[in-house]
Structure formats: C-alpha cells, structure tokens
Amino acid sequence: MKIIVEHNLPRDIQVYLMNDIRRNSNKKILICGDSFSSDWSPEYPDCQGWPNLLAKDYKVTNLSQAGCSEYRIYKQIKSKNLDNFDFV
C-alpha cells in the first residue's frame with residue numbers, strides 16, 4: 001500500500017505518483033479529504049473532478065466531505081482497513 005498525501009507535495013512528485021497509479025491498473029484507491037477531493041458531481045452533473053476521472057479506470061472509494069476538519073479526515077482514514085487498498 002502506498003500512502004499519498006496531496007497537500008504540500010511538489011508538482012513533479014504529484015505527477016510521478018499519478019503516473020505510478022496509471023501504470024498499475026485494476027488497483028483499489030481510497031481517497032480521504034475535504035472539498036478538494038469531494039465528489040461534486042451530484043450538485044454539478046456536467047463537471048467531473050479528479051476523483052471521478054480516477055474512478056473511470058480504477059476502483060475508487062471516496063470518503064471525502066466538503067468542509068471537514070483534519071480530525072474528520074483522520075476518522076475517515078481510521079474507518080477503513082487500509083490493507084484493502086493499494087493506494088491511500
């Protein structure tokens with residue numbers, strides 16, 4: 001399992017990690033976070049965010065919620081068995 005933290009990573013590292021995910025199709029991805037990674041498609045059906053784009057090619061579990069705190073993100077992570085995912 002690889003743990004990816006999207007905040008404060010240099011752009012080149014983010015690109016490397018996303019390319020690594022693309023090379024490993026059929027992987028399970030857990031997304032936890034705030035509005036940056038939330039699924040906004042119910043409110044804006046014509047727009048797709050990056051979690052929706054990943055879900056087209058991978059099995060994505062997105063627990064993100066707009067407006068949640070760091071503690072709530074911690075609780076999102078603790079609510080799942082991370083061993084069941086290839087990327088977090």
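Buried residues (under 20% relative accessible area, with exposed over 50% and partly exposed in between, for a 1.4 Å probe and protein chains only) make up 24% of the 88 residues in this chain. The model is predicted, so local features need pLDDT of at least 70 and side-chain atom pairs count only at pLDDT 80 or more, while totals for chains, interfaces and linings use all residues. Residues are numbered from 1 along each chain as its sequence is written, and side-chain values use heavy atoms, leaving out hydrogens and water.

**Exercise 1. Work out the order of helices and strands, then describe how the strands pair.**

Step 1. Take helices (H or I, at least four residues) and strands (E, at least two) as DSSP runs, numbered from the N terminus. The chain then has 3 helices and 2 strands.

Step 2. Read from the N terminus on, and the elements run α-β-α-β-α.

Step 3. Two strands pair if DSSP finds at least two bridges between them. Here strand S1 (residues 28-31) and strand S2 (residues 59-62) run parallel and are joined by 4 bridges.

Step 4. Follow the path from S1 through H2 to S2: this β-α-β crossover is right-handed. That term applies if, with the strands pointing away from the viewer, the path from the first strand over the helix to the second runs clockwise.

Step 5. Find the partners across the strands. Ile29 stands opposite Val60 in S2, and Leu30 stands opposite Thr61 in S2. As background, side chains in a regular strand alternate between the two faces of the sheet.

**Exercise 2. Locate Asn52 and Leu54, and decide whether each is buried or exposed.**

Step 1. Asn52 lies in helix H2, which spans residues 50-55. Leu54 has its place in helix H2 too.

Step 2. Asn52 has a relative accessible area of 18%, so it counts as buried. Leu54 is at 9%, and therefore is also buried.

Step 3. Look for contacts (heavy atoms within 4.5 Å). Leaving out residues up to four places away in sequence, Asn52 touches Asp39 and Ser41.

Step 4. For Leu54, use C-alpha atoms: Met18 is 36 residues away in sequence and 9.7 Å away in space.

**Exercise 3. Count the disulfides, then examine Cys32 and what Ile73 touches.**

Step 1. A disulfide is a pair of cysteine sulfur atoms within 2.5 Å. The structure holds 0 of them.

Step 2. For Cys32, the nearest cysteine sulfur is that of Cys68, 9.1 Å away, and Cys32 is in no disulfide. Cys32 has 17% relative accessibility, so it is buried.

Step 3. Turn to Ile73, which lies in helix H3. Apart from neighbours within four places in sequence, Ile73 is in contact with Cys32, Gly33, Asp34 and Cys68.

Step 4. Compare sequence and space: Ile73 and Gly33 are 40 residues apart along the chain, yet their C-alpha atoms are separated by 5.4 Å.

Step 5. Now for the whole chain: of the contacts with a separation of 6 or more, 71% are between residues 24 or more positions apart.

**Exercise 4. Count the aromatic pairs and describe the geometry of two of them.**

Step 1. Rings of Phe, Tyr and Trp (its six-membered ring) pair if their centres lie within 6.5 Å; planes under 30 degrees apart count as stacked, over 60 as edge-to-face and the rest as tilted. The structure holds 3 such pairs.

Step 2. Trp40 and Tyr44 make a tilted pair, at 6.5 Å centre to centre with 50 degrees between the planes. Trp40 is partly exposed, at 37% relative accessibility.

Step 3. Tyr71 and Tyr74 are tilted as well, at 6.1 Å centre to centre and 35 degrees between the planes.

Step 4. Why are Tyr71 and Tyr74 about one helical turn apart? Because they are 3 residues apart in helix H3 (residues 70-78).

Step 5. Finish with accessibility: Tyr71 is exposed at 56%, and Tyr74 is partly exposed at 44%.
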